Amino acid sequence: MSKNFIKIAERINILPLQMSLIRQPELFGKRTFRSDSYASPHLQMTDIWVRYNAYDNLQKDQDKFNDVHDSVWYPEASAIPQIRPIVNWLMSHVEGERLGGILITKIPPGGRIESHVDSGWHAEYYEKYYIPIQNDEGAIFGFEDGVIEPSLGEVYWFSNRRPHWVINNSKRDRIALIICIRSHKENICLGQ
Ligand SMILES: [Fe+2]
């Protein structure tokens with residue numbers, strides 16, 4: 001059993017969200033902060049920012065954007081209300097007390113995210129949950145002690161404080177929903 005990821009649910013219904021995203025491809029890639037740096041491991045990704053530190057704060061002080069903050073819903077969230085039941089269910093499922101960032105990421109066929117560790121206040125404060133929205137065979141989420149080759153409907157907790165990477169060797173985009181939650185227990189880190 002991996003110390004870096006655990007399947008925590010299966011057979012949740014992601015199809016309404018999947019359909020909503022297919023109908024609104026223009027939502028991807030509006031905010032490029034994560035992939036702007038040439039050195040970023042997220043260079044090949046196009047994202048939908050659903051919830052995070054208020055975007056105005058990025059213009060005010062980019063260096064402090066990932067520091068302590070309250071997440072807010074972005075305008076994109078209102079275009080995909082199908083995400084709300086998933087988030088509400090997950091908050092309950094993991095005894096969530098504080099909802100952090102929510103991101104939908106897209107990696108094209110042949111694309112990859114190089115191995116990296118996420119850092120900063122937000123990365124360390126919240127637990128991370130991964131829900132595949134479109135993931136054909138050949139698209140994998142890798143860790144030092146195993147890989148996630150998910151089926152749709154599954155939900156995973158994972159540690160972004162250990163090296164992780166993504167390879168999309170499938171013929172379609174790999175689309176993933178990432179939800180960040182601080183849970184009730186002081187240290188709920190499932191991998192320890
Ligand atoms: Fe990461």
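1. Four donors around a metal count as tetrahedral if all angles lie between 85 and 135 degrees, and as square planar if opposite donors are over 155 degrees apart and all others between 65 and 115; anything else is irregular. That definition is needed for the iron site in this predicted model. The four donor atoms around the iron ion subtend angles of 50 to 119°, so the arrangement is irregular.

2. The protein donors are NE2 of H116, OD of D118, entered twice, and NE2 of H164. They lie 2.2 to 2.8 Å from the iron ion. Along the sequence the donor residues follow the spacing H-x1-D-x45-H. D118 sits in the loop between β5 (112-116) and α5 (121-125), whereas H164 belongs to strand β10 (residues 164-168). These two residues are 46 residues apart, and the pair links distant parts of the chain.

3. H164 deserves a separate look. Is H164 buried or exposed? Its relative accessibility is 3%, and H164 therefore counts as buried. The side chain of H164 also makes a polar contact with the side chain of D118, at 3.1 Å. With neighbours within four places in sequence left aside, H164 is in contact with E114, S115, H116, V117, D118, F141, G142, F143 and S159.

4. Three of the residues just listed, F141, G142 and F143, bring in strand β7. Why is β7 (residues 139-143) described as largely enclosed by the rest of the structure? Five of its five residues are buried, and the cut-off for that term is under 20% relative accessible area. In a regular strand the side chains alternate between the two faces of the sheet. Both faces of β7 are covered: I140 and G142 are buried on one side, and A139, F141 and F143 are buried on the other.

5. Strand β7 has pairing partners in β10 and β8. With β10, β7 pairs in the antiparallel sense over five bridges, and A139 stands opposite N168 there. With β8 (residues 146-148), the pairing is antiparallel over three bridges. F143 faces G146 across that second pairing, standing opposite it in β8. A hairpin through two residues joins β7 to β8.

6. On salt bridges, how many does a search of the whole structure find? The search finds eight. One of them joins R31 to E76, with the closest N and O atoms 2.9 Å apart. R31 lies in the loop between α1 (15-23) and β2 (46-52) and E76 in helix α3 (residues 75-79), so the pair ties together parts that are 45 residues apart in sequence. Both R31 and E76 are buried.

7. R161 and E127 form another salt bridge, the closest N and O atoms being 3.9 Å apart. R161 is in the loop between β9 (155-158) and β10, while E127 is in strand β6 (residues 127-134), so this pair ties together parts that are 34 residues apart in sequence. R161 has 32% relative accessibility and therefore counts as partly exposed. E127, at 8%, counts as buried.

8. A salt bridge also connects E10 with K7, the closest N and O atoms being 3.0 Å apart. E10 counts as partly exposed because its relative accessibility is 40%. K7, likewise at 40%, counts as partly exposed. K7 and E10 belong to a network of salt bridges that also links R11 and E154.

Methods. Residues numbered from 1 in each chain as written. Predicted model: local features only at pLDDT ≥ 70, side-chain atom pairs only at ≥ 80, totals over all residues. Heavy atoms only, no water. Donors = N, O, S within 2.8 Å, 3.2 Å for Na, K, Ca; no water. Tetrahedral: all angles 85-135°; square planar, octahedral: opposite > 155°, others 65-115°. Helix = DSSP H or I, 4+ residues; strand = E, 2+ residues; numbered from the N terminus. Buried < 20%, exposed > 50% of the residue type's maximum accessible area, 1.4 Å probe, protein only. Pairing = 2+ DSSP bridges. Polar contact = N/O pair within 3.5 Å; in protein donor to acceptor, adjacent residues only side chain to side chain. Contact = heavy atoms within 4.5 Å. Salt bridge = Lys/Arg side-chain N within 4 Å of Asp/Glu carboxyl O.
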